[in-house]
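User: Hey, could you walk me through this one? I'm new to reading models, so plain words please.
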Amino acid sequence: MIRRVGHLFSDRSGISITRALLILGLLFGGASFAYAAVDEETLFVFNTFSFLVWGALVMWMAAGFTMLEAGSVRTKNASVICLKNLGLYSIAGLAYYLIGYNLMYVDVGGFIGSFKLLYGPSADELALIGGDAAATAAVVESGYAVMSDWFFQMVFVATAASIVSGALAERVKMWSFFVFTAILTAIIYPVVGAWTWGGGWLAGMGFQDFAGSTIVHGTGGWAALAGVLVVGPRLGKFRKDGSVHATPPSNVVLVTLGVFILWLGWFGFNGGSQLVLGSALDAVAMSNVMVNTNLAAAAGVITALACSRWILGRTDMFAALNGAIAGLVSITAGPDITQHLWSVIIGAVGGLLCTLSIKALEKMKIDDVVGAVPAHLICGIWGTLAVCIAAGGNFGVQLIGILAVGAFVFVLSFLAWKLIDVLLTVRVTKNVERMGQDTAELKIDAYPEFVLMPEEDIEE
Amino acid sequence: MIRRVGHLFSDRSGISITRALLILGLLFGGASFAYAAVDEETLFVFNTFSFLVWGALVMWMAAGFTMLEAGSVRTKNASVICLKNLGLYSIAGLAYYLIGYNLMYVDVGGFIGSFKLLYGPSADELALIGGDAAATAAVVESGYAVMSDWFFQMVFVATAASIVSGALAERVKMWSFFVFTAILTAIIYPVVGAWTWGGGWLAGMGFQDFAGSTIVHGTGGWAALAGVLVVGPRLGKFRKDGSVHATPPSNVVLVTLGVFILWLGWFGFNGGSQLVLGSALDAVAMSNVMVNTNLAAAAGVITALACSRWILGRTDMFAALNGAIAGLVSITAGPDITQHLWSVIIGAVGGLLCTLSIKALEKMKIDDVVGAVPAHLICGIWGTLAVCIAAGGNFGVQLIGILAVGAFVFVLSFLAWKLIDVLLTVRVTKNVERMGQDTAELKIDAYPEFVLMPEEDIEE
Amino acid sequence: MIRRVGHLFSDRSGISITRALLILGLLFGGASFAYAAVDEETLFVFNTFSFLVWGALVMWMAAGFTMLEAGSVRTKNASVICLKNLGLYSIAGLAYYLIGYNLMYVDVGGFIGSFKLLYGPSADELALIGGDAAATAAVVESGYAVMSDWFFQMVFVATAASIVSGALAERVKMWSFFVFTAILTAIIYPVVGAWTWGGGWLAGMGFQDFAGSTIVHGTGGWAALAGVLVVGPRLGKFRKDGSVHATPPSNVVLVTLGVFILWLGWFGFNGGSQLVLGSALDAVAMSNVMVNTNLAAAAGVITALACSRWILGRTDMFAALNGAIAGLVSITAGPDITQHLWSVIIGAVGGLLCTLSIKALEKMKIDDVVGAVPAHLICGIWGTLAVCIAAGGNFGVQLIGILAVGAFVFVLSFLAWKLIDVLLTVRVTKNVERMGQDTAELKIDAYPEFVLMPEEDIEE
């Protein structure tokens, strides 16, 4: 199978030559080697361990999205948000195991991989586990444990699904959302992945997207936008006189916790996307990735906070919180740049764009509860283009990638949402929306002992 | 000392042979080796680093149990829950240092290890730290840093203690609980550990429990069950007419956060239980473990959610949350299976069993606040038996292990709880229980600025 | 550049000799070597990965401080607390990139490093990334990726800034605090760092501070104390009759979550401060560090809890929570001791000192909202002196270090706070303080749907 083709192979081949020379040197007594390179099996362990450790951190982002979303909505919907996020992470993992990974990475032609069901260790790995030590060489040759890669890729597809959840909060039916999640994670995301990281036509053109500004965040953002258009805004969000009903988060601390979790998880998201850790080159590159990731997020926060006074008329806390996400998404397509100052600039522009987009979306009467479209889609586009500035991307190719992924994901998602609407309806009834999904759908209040404010008036 | 004997040694010896061949090859110019194996000292670093990284994640589970429990109880008891969990983690670490580890792993005969107090680095390690570079060879020979193993084992004993805490919430006296924690972590758990991972009689029979479905979760579950029986149900939980008083969680988001933390920590719990990371074989096995862990949890969530409509009469959020734990516990005895589909099935059955058990316990008028017995004990038993399906366990031996551990832990725990009851009383007074432990025992409300609902009526 | 000079070089040189011998042995057929040492490039990867993984955990401490602080204050200020912490972490990262790291580690004379702006990969690293494989040897020679070290050091400076935040909560102006944060992280902390870890005059005298009891926690604590004195106590905290107005935390569970996050992060803080992971010696030392860190924290909790009955007149939850931090800070200067019992004792004394200091500060009418001075400054001093007991520190040198850092940080911080007060004022108006900073400064309530208690009476 082929995965995230570009940098994996270029990195790997460099190592192999170095090692070959080294071994020759040791055998024939050459003393001219200043250092000893990483052994092949050691490299295998490094690569695998890197996938597992960073993958675990990316899984943690699922909790970050949950906290961010549960804190953003009104308390009467917080339980459903929690269950929706727990469910989507579970569904994403199962769907990606059932078919998604094969579609994305196995026998990819230009557009799509294999329709074979399930996935598992390689035959060599099974032989090795079965006790055949002679299989070690063949296993080591593959560079990393097959399922460590699966694990790392799986947490990425879950991230894409998490993005959709937040935008549609407070009015989408839980089971309808789950059906869409299955479609997104079994089919839509894997096909986009096949075109790119799987080695398909976009990869062939030289499209660059290190950790997924477009592939993950763009896909999630387009799917969210399609969903928002089909599902429609929350009751009373946009008044007849054109004004916007403010819907402040019910729990600011939870939102903040969510942002910190996402920031932490992003070190795994971007750092682990170096994919290999078997040479000094890899280690240097991964370090640069971590630093750029942090700088872009920090710049996003400060820029959004400073700009918010000008754009939104006040020091806006949520601009700052979204600014962190915006900076992170913006740097995700090219976090391996070596001029760190560029990552500050890229993150800062992301923070600015996100703050502007929040305002623009409201003007367009698009109700995106957590700002998923501004933070993930708009900044995903910006980040994918920014690769041309500091990381050598080709503008035309990057644009083609953005448009192709956008068209594919948006159209398919829109159709999927429409289909689900016909079959199951995507939106809860007005009564349920007024009462809150927690009581109506789950018969569970999120905070039953705390007295809530009287229901806000809702315009219909 | 001997630890988790079975797989450690089988893995290790495989490596040694490979390496010996390799070194010979290098020395005598043999060019037939397709790859270079992991060096001994590199292997030592890998094994140690793996223990430390995954051990840190397991420590994080203590926070997960705390959030889950603090969110599950009524707000009037949330502070005590927090303090109880902080205290139990501290006590477990100190007790395991004082005596527990020695009892479990040092000079284990069939039934018990050493009664020597305290634990520390090996003599070779002390020499090496003291500057004697010649000690390196002997240190490296042991395979991992002595205290990295201690660290990893310590966070496991804390997990067992955490399980007990949740079941007894809202009526157990804090100091009495601390005394029981000390007994559990200094003696009961270490003895069970000596029989199994320490190389005692159950290990000798071939009992398999990779990361502790029985050893950790079963032990915690049995101790919890004994405690629940001695302490009794919360006032008013079971009404005279036979109906059950619903006690919804006070904070659903906290419970969800707790589940996500536990899920993340479980990657360390199961992944780190591979114990070694010094070869491609180990790396492959650890990767499979991570994947199975995630699949089982996901299957547990979805199954419990789907079944809850049928078993509990509604889409039940807490069935889903407990389903994650159930799936995780179920796969813990054999997460190294290579047919990942089995882990989906094992997790799904776990989710079903847990949901059924929640209902069964209520019928038996056993008041287990967080569902510790269903999730940890019932699924621990199921997981230990499931090893026979896909991971080569012997049914008879697994059953003997389950019964022996169950009998030992339950009886000793029951006696310990009874003894503590005589000496200190285990239960708070009715007045304290009505008022809440926070105000009565700590003079601290968990959420003093939030207005609470009027006290629910309590039947006496 | 030079960094944390002492132990890095002593460790590294030991490795080099071992490896040189080994390579000679392999080349000339010596069969007397019992093991194969870590290769140079493998060592490079280990060191770098260790920095990145543990650094990510230390970043997580920023979330811990946020939760601890947001839970400690009254709800009317919780949003500002969240924003302040998100902002300080961002500013610290940018300031340390702009100038801080250079000032601390580049071309350090006795007192200060370079005033060059920005920081980035080495020329060799840039060559290697640019495709020049011949640069590998030079890169490997440096021992770790340059930016992995920057990443690890950056999260430390953020920790120092976080400490200041908590002490000043509920009355400091957000933007004034941000200005101080920039000064602290760009200049004050880096100069202290240059004296010590940067190889300056204190390092030359043999001052020992493994992970920063004085350098990080002392610096943060002194800066906090200066701020508290300039900003003054909260309105009504100290009544005219000399009594103290109790200000219980608004959310005990959040405080507890914060403590667990800090405890977890501290494994990165102390463990990663071993700085290298390229030999069995390093791995053994890092393991001991982790164990001591955990034991000291546990002892701090239990001691503080037990002592609180005697010192504060009740089983005090916050004494216990602060006891964990106290134990952690106390062991931070010397967590590499090999007699683990000492770490229990050092942590226990820390827990006691912290509890006593909380009471003493109140008597001195110093209003430190989260107990930053007791936990970080007092225990930082104790920990720095405790190095003389079990880790070979020289008492005179340690004392000089404590006093020099204290005088420098306190005086500069005091001047900085005074200057900011003149230019921007440091304190919100009485009206804002009464109303709460959330509504007044941000127009955002932290928990808008929850009904709050009527405003407490405030004495003026």
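User: What pLDDT does chain A average?
Analyst: This is a predicted model, and chain A averages a pLDDT of 90. In chain A, 90% of the residues score at least 70.

User: Where in chain A does pLDDT stay under 50?
Analyst: One stretch is residues 5-33 of chain A, where pLDDT stays under 50. Another is residues 453-460 of chain A, again under 50.

User: And how many contacts beyond four places in sequence does the model have for those stretches?
Analyst: For residues 5-33 of chain A the model has 35 such contacts. For residues 453-460 of chain A it has 9.

User: What ipTM and pTM does the predictor give the complex?
Analyst: The complex gets an ipTM of 0.93 and a pTM of 0.94.

User: OK, chains next. How many residues does the contact between chain C and chain B take from each?
Analyst: It takes 60 residues from chain C and 60 residues from chain B. On the chain C side, the elements giving two or more residues are α1 (5-27), α2 (40-72), α10 (252-271), α11 (280-311), α12 (317-331) and α13 (340-363).

User: Which element gives the most there?
Analyst: That's α11(C), with 17 residues on the side of chain C that touches chain B. By class, that side divides into 41 nonpolar, 16 polar and 3 charged residues.

User: What about chain C with chain A, how many residues does that contact take?
Analyst: 60 residues come from chain C and 60 residues from chain A. Here the elements of chain C that give two or more residues are α1, α2, α3 (78-105), α4 (123-129), α5 (136-141), α6 (146-167) and α17 (437-442). α2(C) gives the most to this side, with 17 residues.

User: And how does that side of chain C split by class?
Analyst: The side touching chain A has 43 nonpolar, 10 polar and 7 charged residues.

User: Switching to chain B: at what angle do helix α12 and helix α13 pack?
Analyst: In chain B, α12 (residues 317-331) and α13 (residues 340-363) pack at about 130°, with their axes 7 Å apart. The angle makes α12(B) oblique to α13(B).

User: Is the crossing left-handed or right-handed?
Analyst: The crossing of α12(B) and α13(B) is right-handed.

User: Which residues make the contact?
Analyst: From α12(B) they include B:Ala319, B:Gly323 and B:Ile331. From α13(B), B:Ile346, B:Gly350 and B:Cys354 are among them. The residues of this contact divide into 9 nonpolar, 9 polar and no charged.

Definitions and conventions:
Residues numbered from 1 in each chain as written. Chains lettered and ligands numbered in written order. Predicted model: local features only at pLDDT ≥ 70, side-chain atom pairs only at ≥ 80, totals over all residues. Axes fitted to C-alpha atoms, helices over the stretch in contact; angles between N-to-C directions. Helix = DSSP H or I, 4+ residues; strand = E, 2+ residues; numbered from the N terminus. Parallel < 35°, antiparallel > 145°, perpendicular 65-115°, else oblique. Left-handed = near helix turned anticlockwise from the far one by under 90°. Contact = placed C-beta atoms within 7 Å. Nonpolar A, V, L, I, M, F, W, Y, C, P; charged D, E, K, R; others polar. pLDDT = per-residue confidence, 0-100.
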